[in-house]
Amino acid sequence: MNKKRKFDYTGVLSSVFAILIGLIVGFIILLICNPKQSAPGFFTILTGAFTHGAKGVGQVFYYSTPIILTGLSVGFAFKTGLFNIGASGQFIVGGFGAVYVGIMCENLGSIHWLAALLAGVLFGAIWGLVPGLLKAFFNVNEVIASIMMNYIGMYGVNWFVKSYKPMFNNIRNESKPVLQTANIPKMGLDKLFPDSSINGGFIIAVLVVILIYLVLDKTAFGYELKAVGYNRDASRYAGINEKKGIVFSMMIAGAISGLAGACLYLAGTGKHIEIVDTLADEGFTGISVALLGLCHPIGILFAGIFIAYLTAGGFYLQLFEFSTEIIDIIVAIIIYFSAFALMVKMLIAKVEKNKGDKKSGLKEPGDAAASKAVSDKKGGIKA
Amino acid sequence: MSVVYFIFQQTMFFAIPLLIVALGGMFSERSGVVNIALEGIMTMGAFTSILFLNLTGKNMSGQGQLLIAIVIAMATGVVFSLFHAYAAINMKADQTISGTALNMFAPAFAIFVARIIQGVQQVQFSNTFRIESVPVLGSIPVVGDLFFKNTYITTYIGIGILILSAVVLYKTKFGLRLRACGEHPQAADAAGVNVYRMQYAGVMISGALGGLGGLVFVVPTSTNFNATVSGYGFLALAVLIFGQWKPGRILGASLFFGLTKAVAAAYSGIPFLNNMGIPSYLYKMIPYIATLIVLIFTSKNSQAPRASGVPYDKGAR
């Protein structure tokens, strides 16, 4: 217990360290580009999200909803030893499923939105299932299979939406809006954050985060999935069906990404599936969110909100004639330095060891943390 | 027959950048470092070199300009890849994380800098590099039409890199040591190889080829650079795995992918395919579906470098 706490604390500390460096470098870049505007510009990044008070906060939660979910999808797969780079495809295919039900199924009444949401989950799950099956039974590398599925999904959705009259708005080259009944209800959040685009999707995202946390940490099923992630051969030796594990984790990861797509396109904020030949950004942002959140569900929740917060602040940067890409640069630097977590952990462990040495000779809380950090690393993410 | 030539030339435009970048990835992975940052490296290489083409467009043109751009693209790639190398080798960072960071950084940086320099994010350039027909060689029947007409100097550079890569990897001391580091770095170390230096070399080669690949991808297919290489870095990664980390098979994989891509891009110009009435989206999906299917049959005994992706720790047992 004690050991576990120590690990959490160093993990969070290394993330904070990464965030600080990212922000400092961001400030330096602003300083180089335009010294006069740099201070107010930087201040805007940090506080811009609050410009419109409660509405602004509501917007941050609204932006964070899909990326928390795609982040959770990627992070969950990481925990089970798989790199789900296919969140993008699962996202758009899930969004398509939701929009299809949202437009086509008229007589569902008050459960319409729920049906649409579940359709999104189902479509996403199928899209995640394919690389899972290929990995488990044909040893196809899940990274490349997911990349292929991204493109197949994107072109497939564009093809279907474009050629299917009831769904296609050919004036704006995008999908038609879903029926009113298919929009996710506000669930009271509109009272808390008036005028903002926030809706029940955020609550759903938080619930899913908690659910995944419980599954991973408190159930035998989650334990098995993680065991397969740490060592496939050892788990098989221990009697775990590792093929089942791989298939299930990709399917669940796909389902979560599909839900992310459903949450975005059922938000009732005028978001439609646009017919463009580019992969959905949300899937790749999800990778950043997952990494910044140390692949822990709760960490991912905060990481998603944090990135949405910076992005919201970034919108106002244009007032100072900076392009919003500076936010992406800052986030990239944060991610880069969060990769140094192992070094930061070892550094902290060293400091603590020195403390321990002084107090009680050779007692080893630091050593334990360091060796845990190292062993953590070995079992960690592999592409 | 002219259709065959046309398809072949188109295939080259798609296949050569994939080939170059995948070969770059091969050097990195064979040294034990997974380089998922290829997409970002391509973007950076394309950005600086196209910016160069843009800025010197008034005074220079033709093959000389392109050759300088090639050097710039490679240099940019090397510098950018050093960030990945430092994180992966010195800091023993998770290679997926630092790669993802670089992938995210590159397009943002390209847009940011382009906006500062010229106000808009698209970097225009005028394409003066197409070779209508190579003198003498272009007039050889069949072979001349296939290889020496409507082409770019980059095609030959790509093929040169392929041959060079195969020789370096299999016939030199350097190649042997590089492969040893990717399979069992501890053993390589015990045999007196400086693992860190070999891995740096691997990543830097991948940086040079990745940056070059970015330029090679943009030049034949567009007249401006919009801070993206359309996922080609990831596709190159797929080609690398598809090609089983071996130069010859990487060539096969990139030609296969390039051919399906070329058909998708150019089918409307081919009467026989256009008359079949297949929707364009199906053509666009075929390269990816076909790759998946081929992978099912070829992945059973995958031969990834054994130590690829594992940070090398001298003290580890």
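**View 1. Trp245(B), a buried residue in a loop of chain B**. In this predicted model, Trp245(B) has 22 C-beta neighbours inside 10 Å, so it counts as buried. Trp245(B) sits in the loop between H10 and helix H11 (247-266) of chain B. Its phi is positive, about 60°, although Trp245(B) is not a glycine.

**View 2. Asn139(A), a partly exposed residue in a loop of chain A**. Asn139(A) belongs to the loop between helix H5 (112-138) and H6 of chain A. Its phi is near 60°, a positive value in a residue other than glycine. How many C-beta neighbours does Asn139(A) have inside 10 Å? There are 14, and Asn139(A) therefore counts as partly exposed.

**View 3. Helix H2 of chain A, with buried residues along one face**. H2(A) runs over residues 35-47 and has 13 residues. From first C-alpha to last it reaches 19 Å, close to the 18 Å expected at 1.5 Å a residue. Which residues of H2(A) are buried? They are Gly41(A), Phe42(A), Thr44(A) and Ile45(A). Seen down the axis of H2(A), the buried residues fall within an arc of 155°, so they line one face of the helix. Lys36(A) and Pro40(A), on the other side of H2(A), are exposed. A general point helps in reading this view. An α-helix has 3.6 residues a turn, so residues three or four places apart point the same way.

**View 4. Trp159(A), in contact with residues of chain B**. Trp159(A) lies in helix H6 (residues 142-163) of chain A. Is Trp159(A) buried or partly exposed? Trp159(A) is partly exposed, because 17 other C-beta atoms lie within 10 Å. Which residues is Trp159(A) in contact with, leaving aside its neighbours within four places in sequence? They are Pro279(B) and Tyr281(B). Within chain A, Trp159(A) and Ile275(A) are 116 residues apart along the chain. Their C-alpha atoms are separated by 8.5 Å.

**View 5. The side of chain B that touches chain A**. Here 41 residues of chain B are in contact with 39 residues of chain A. Three helices of chain B give two or more residues to this side: H4 (95-118), H10 (232-242) and H13 (280-298). H4(B) gives the most, with 14 residues. What kinds of residue make up this side of chain B? They divide into 27 nonpolar, 9 polar and 5 charged.

**View 6. Met251(A), a buried residue of helix H11 in chain A**. Met251(A) has 20 other C-beta atoms within 10 Å, so it is buried. Its place is in helix H11 of chain A. Not counting residues up to four places away in sequence, Met251(A) touches Ala125(A), Gly128(A), Leu129(A) and Gly132(A). Met251(A) and Gly124(A) are 127 residues apart in sequence. In space they are 8.0 Å apart, C-alpha to C-alpha.

**View 7. Val239(B) and the largest nonpolar core**. This core has 217 residues. Which of them touch the most other members? They are Leu266(A), Leu18(B) and Val239(B). Helix H11 (residues 242-265) of chain A gives the most to this core, with 15 residues. Val239(B) touches Leu18(B), Ala22(B), Ile250(B), Ala253(B), Ser254(B) and Phe257(B), not counting residues up to four places away in sequence. Apart from the largest core lies another core, of 7 residues. Leu178(B), Ala188(B), Met198(B) and Tyr312(B) are among them.

**View 8. Chain A as the setting for the close-ups**. Chain A has 16 helices and 2 strands. Its C-alpha atoms fill a box of roughly 75 × 65 × 35 Å along the principal axes. Its radius of gyration is 22 Å, which agrees with the value near 21 Å for a compact globule with 383 residues. Of those 383 residues, 56% count as buried. Among contacts in chain A between residues at least 6 apart in sequence, 77% join residues at least 24 apart.

**View 9. Chain B as the setting for the close-ups**. Chain B has 13 helices and 4 strands. Its C-alpha atoms fill a box of roughly 60 × 50 × 40 Å along the principal axes. The radius of gyration of chain B is 20 Å, which agrees with the value near 20 Å for a compact globule with 317 residues. Buried residues make up 53% of these 317 residues. Among contacts in chain B between residues at least 6 apart in sequence, 78% join residues at least 24 apart.

Definitions and conventions
Residues are numbered from 1 along each chain as its sequence is written. Chains are lettered from A and ligands numbered from 1 in the order in which they are written. This is a predicted model: local features need pLDDT of at least 70, side-chain atom pairs count only at pLDDT 80 or more; totals for chains, interfaces and linings use all residues. The expected span of a helix is 1.5 Å times one less than its number of residues. A residue is buried if 20 or more other C-beta atoms lie within 10 Å of its own, exposed if 12 or fewer, and partly exposed in between; C-beta atoms are placed from the backbone. The arc is that of the directions from the helix axis to the C-beta atoms. Two residues are in contact if their C-beta atoms, placed from the backbone, lie within 7 Å. Ala, Val, Leu, Ile, Met, Phe, Trp, Tyr, Cys and Pro count as nonpolar, Asp, Glu, Lys and Arg as charged, and the others, Gly among them, as polar. A nonpolar core is a set of buried Ala, Val, Leu, Ile, Met, Phe, Trp, Tyr and Cys residues joined through C-beta atoms within 7 Å. The radius of gyration is taken over C-alpha atoms; the globule rule is 2.2 Å times the number of residues to the power 0.38.
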